[in-house]
Amino acid sequence: MICGCGATAAQLSFQMTDGGSIPTHPLQFIVKPVNHKTAKSWVEKWHYSKRMPTGKNISYGLFANGNLYAVIVYGIGVNPYQAKFLGVDNVIEIKRMCRSEPIIKGYPLSKFISVTSKMVAKDYLFDCIVAFADPEQGHEGTVYKASNFILHGKTNPEWHLIDVFGNVRHRRFAYRHARRNNITVDESRKELGLVRLKTLEKYRWVRFVKPRAAIAKATGGE
């Protein structure tokens, strides 16, 4: 199970230049755990979902010269059968990852994943890391490929809800409203002015820690 964020900060300093003949001052990057409040605020501002995932999470921040630049959130995914599907015992998921604008060159998010995956391993025992890329947001998972993840097919499409203003709601939104008001889900959707929307399949990216048999299974090898 996930426990406290006891990992120490990872640090890297290097010289960045602006392309001219005079170098800038060294830009120092530090990766360290961040609390739930900080991660939640960051995700709600910079992640396309605008929502911090529920459950037990461990979050890390990438700081550039002391200023928060990116956040990554690890935790247990909503699918309880994911580990069995992947042929392993324990799975941890990258549930959110986002950075601020503009982009800061020199420390790619693939390196952020690499560093934090080692840090989270001190708090959680896992056989593989899973991440999903949403094509509806223009994401294919390039950053995961650069982090030595392998493409493990796609998820099934899901049904969500969309209101009259174009805002997408999770499919359980109407379900919870129906339970609170003792009405059917169909009645709840009509009352809330929601229409069902079928999403695209998401890309499933996986990086196995062990065993090799699981990698062979995922890639179709022996």
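These exercises work through charged residues, and one alanine, in a predicted model.

**Exercise 1. Count the salt bridges, then find the partner of lysine 40.**

Step 1. The structure holds three salt bridges.

Step 2. Take lysine 40. Its partner is glutamate 44, and the closest N and O atoms are 2.6 Å apart. The cut-off for a salt bridge is 4 Å, so this pair qualifies.

Step 3. Place the pair. Both residues lie in helix H1, four residues apart, which is about one turn of the helix.

Step 4. Check exposure. Lysine 40 has 33% relative accessibility and so counts as partly exposed. Glutamate 44, at 34%, is also partly exposed.

**Exercise 2. Describe the salt bridge of arginine 189, and state whether arginine 189 is buried or exposed.**

Step 1. Arginine 189 pairs with aspartate 186, with the closest N and O atoms 2.3 Å apart.

Step 2. Locate them. The two residues are three apart in helix H6 (residues 185-192), so about one helical turn separates them.

Step 3. Read the accessibility. Arginine 189 is at 18% and therefore counts as buried, because the limit for buried is under 20%. Aspartate 186 is at 45%, so it counts as partly exposed.

**Exercise 3. Find the salt-bridge partner of glutamate 101 and classify both residues by exposure.**

Step 1. The side chain of glutamate 101 meets that of arginine 99, at 3.3 Å from N to O.

Step 2. Glutamate 101 has a relative accessible area of 52%, so it is exposed. The threshold for exposed is over 50%.

Step 3. Arginine 99 has 24%, and is therefore partly exposed.

**Exercise 4. Glutamate 93 has no salt bridge. Which side chain of opposite charge is nearest, and what polar contact does the glutamate make?**

Step 1. Glutamate 93 sits in strand S5, residues 91-99.

Step 2. Glutamate 93 is buried, and the nearest side chain of opposite charge belongs to arginine 96, 6.4 Å away. A salt bridge requires a distance within 4 Å, so arginine 96 does not supply one.

Step 3. Look for another polar partner. The side chain of glutamate 93 makes a polar contact with the side chain of glutamine 82 at 3.5 Å.

**Exercise 5. Where does aspartate 127 lie, and which backbone atom does its side chain reach?**

Step 1. Aspartate 127 is in the loop between helix H3 (109-120) and strand S6 (128-133).

Step 2. Its relative accessibility is 6%, so aspartate 127 counts as buried.

Step 3. Follow the side chain. It reaches the backbone nitrogen of aspartate 89 at 2.9 Å.

**Exercise 6. Name the members of the positive surface patch, then place arginine 51.**

Step 1. The patch is formed by Arg51, Arg172, Arg176, Arg179 and Arg180.

Step 2. Arginine 51 lies in the loop between helix H1 (36-46) and strand S3 (57-64).

Step 3. Arginine 51 has 44% relative accessibility, and so counts as partly exposed. Patch members need over 30%, so arginine 51 passes that test.

**Exercise 7. Locate alanine 146, classify its exposure, and give its C-alpha separation from leucine 109.**

Step 1. Alanine 146 is in the loop between helix H4 (142-145) and strand S7 (150-154).

Step 2. Its relative accessible area is 54%, so alanine 146 is exposed.

Step 3. Alanine 146 and leucine 109 are 37 residues apart along the chain, and their C-alpha atoms are separated by 9.2 Å.

Notes
Residues numbered from 1 in each chain as written. Predicted model: local features only at pLDDT ≥ 70, side-chain atom pairs only at ≥ 80, totals over all residues. Heavy atoms only, no water. Patch = residues over 30% accessible without salt bridge, like charges linked within 9 Å, V, L, I, M, F, W, Y side chains within 5 Å. Areas by Shrake-Rupley, 256 points an atom, 1.4 Å probe, with all protein chains shown as cover. Lys, Arg positive; Asp, Glu negative; His and termini not counted. Charge placed at Lys NZ, Arg CZ, Asp CG, Glu CD. Buried < 20%, exposed > 50% of the residue type's maximum accessible area, 1.4 Å probe, protein only. Polar contact = N/O pair within 3.5 Å; in protein donor to acceptor, adjacent residues only side chain to side chain.
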